[in-house]
Amino acid sequence: MTENTRELAIVSLYPKDMNIYGDTGNVKTIALRARLYGYEPRIYKYNVGDAWPEHVDLVLGGGGQDKGQAAISDDLFARSQKIHELAQAGVPMLLICGLYQLFGEYFETNEGVRLPGINVLGVHTVGQDTRMIGNLVEHNAQCGTIVGYENHSGQTFVHDDGTEPWAEVKADGTGNNGVDHTEGARKYNVIGTYMHGSVLPKNPQLADLLIRKAAEHRYGNFEPISTVEQAEELNRLNAMAKAA
Ligand code: GLN
């Protein structure tokens, strides 16, 4: 069998337990846009107990309730070393809310139960009684304005260990903690964020950044090949996201 040289291997991380407020839309958006750029996305739905795929070019993980986070915690630890290796090798990852918290050092619920994280991102999160809910608008140096929706009890603080805040909260929203105006965190090409939405259909520039990094990881470069129809479809999707 000859290798498909345009394939991108995408892991959807724990879609059964960690997938709320439409986070599946992120996987669909990546698959759609990758195809429109002439790549062949191969989606691996990875749930607790599954085999880890041989190639991984992009990891997408969603949010979840505290009990979803507890359900995947042991399995995530079993995969921790592999995930660290991929992160250090530059594999792009996007983790929303509940998985963002578990990619940090720990998440302590507002009942005081501490769930350890795998510490890919230097952040820690502490639950509070008041949930942070509402529209979220932020600015990131690479992606410009990003819009979405947040709903979390955890206040997240970014450590000074090479991890950087991902974005700055603009007009609307609380972001990481409601204190320092930061939102999300980034280390290597791993991005953690509170942006539900789904975030990628509304913010195609972020989807494209992830696809570019995934292609660079796999092939050393990003070479979009779109037919005229595909280029028109990309323009249509971009215009729709702008208007939303
Ligand atoms: N359970 C976490 C919190 O409330 C994450 C919630 C989420 O993923 N939306 O902080």
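**Group meeting talk: the ligand shell, the annotated sites and the core**

Let me begin with the ligand, which is surrounded by Ile20, Gly63, Gly64, Gln65, Asp66, Gln69, Cys97, Gly98, Asn151, His152, Ser153 and Gly154, where a residue counts as near a molecule if its C-beta atom, placed from the backbone, lies within 6 Å of it. Before going further I should say that this is a predicted model, in which local features need pLDDT of at least 70, side-chain atom pairs count only at pLDDT 80 or more, and totals for chains, interfaces and linings use all residues. Residues are numbered from 1 along each chain as its sequence is written.

Which elements supply the shell around the ligand? At least two residues each come from α2 (66–78), α4 (97–102) and β8 (144–158), and β8 gives the largest share, with 4 residues. Helices here are DSSP runs of H or I with at least four residues, and strands are runs of E with at least two, numbered from the N terminus. By class, the shell has 2 nonpolar, 9 polar and 1 charged residues, with Ala, Val, Leu, Ile, Met, Phe, Trp, Tyr, Cys and Pro counted as nonpolar, Asp, Glu, Lys and Arg as charged, and the others, Gly among them, as polar.

Now to the annotated positions, which come from UniProt: an unreviewed entry places the feature "active site" at Cys97 and His196. Although these two are spread over 100 residues of sequence, they cluster in space, the largest C-alpha distance being 7.7 Å. I would add that the UniProt positions are given in the numbering used here, that feature names are shortened, and that annotations may be inferred rather than shown by experiment.

Cysteine 97 lies in helix α4, and it counts as buried because it has 28 C-beta neighbours inside 10 Å; the rule is that a residue is buried if 20 or more other C-beta atoms lie within 10 Å of its own, exposed if 12 or fewer, and partly exposed in between, with C-beta atoms placed from the backbone. Leaving aside neighbours within four places in sequence, cysteine 97 is in contact with Gly63, His152, Tyr194 and His196, a contact meaning that the two C-beta atoms, placed from the backbone, lie within 7 Å. Cysteine 97 also has a positive phi of about 45 degrees although it is not a glycine. Most residues other than glycine have a negative phi, and most peptide bonds are trans.

Is histidine 196 buried or exposed? Histidine 196 is buried, because 22 other C-beta atoms lie within 10 Å, and its place is in the loop between β11 (190–193) and α5 (199–202). Its contacts, again without neighbours up to four places away, include Tyr21, Asp23, Gly63, Cys97 and Asn151. Serine 198 lies in that loop between β11 and α5 as well, and a cis peptide bond, with omega of about 5 degrees, joins glycine 197 and serine 198.

For "binding site", UniProt lists Arg131, again in an unreviewed entry. Arginine 131 is found in strand β7 (residues 123–140) and counts as partly exposed, because it has 14 C-beta neighbours inside 10 Å. Beyond four places in sequence, arginine 131 touches Asn151, His152 and Ser153, and these three residues are also among those that surround the ligand.

Turning to the interior, the largest nonpolar core has 54 residues, of which Ile30 and Leu58 touch the most other members. Helix α6 (residues 204–219) gives the most to this core, with 6 residues. Such a core is a set of buried Ala, Val, Leu, Ile, Met, Phe, Trp, Tyr and Cys residues joined through C-beta atoms within 7 Å. Leucine 58 touches Leu8, Ile10, Ile30, Val91, Pro92, Leu210 and Ala214, not counting residues up to four places away in sequence.

Finally, the chain as a whole: it contains 7 helices and 11 strands. Its radius of gyration is 17 Å, close to the 18 Å that the globule rule gives for 244 residues, so the chain is as compact as a globular protein of that length; the radius is taken over C-alpha atoms, and the rule is 2.2 Å times the number of residues to the power 0.38. Of the 244 residues, 44% count as buried.
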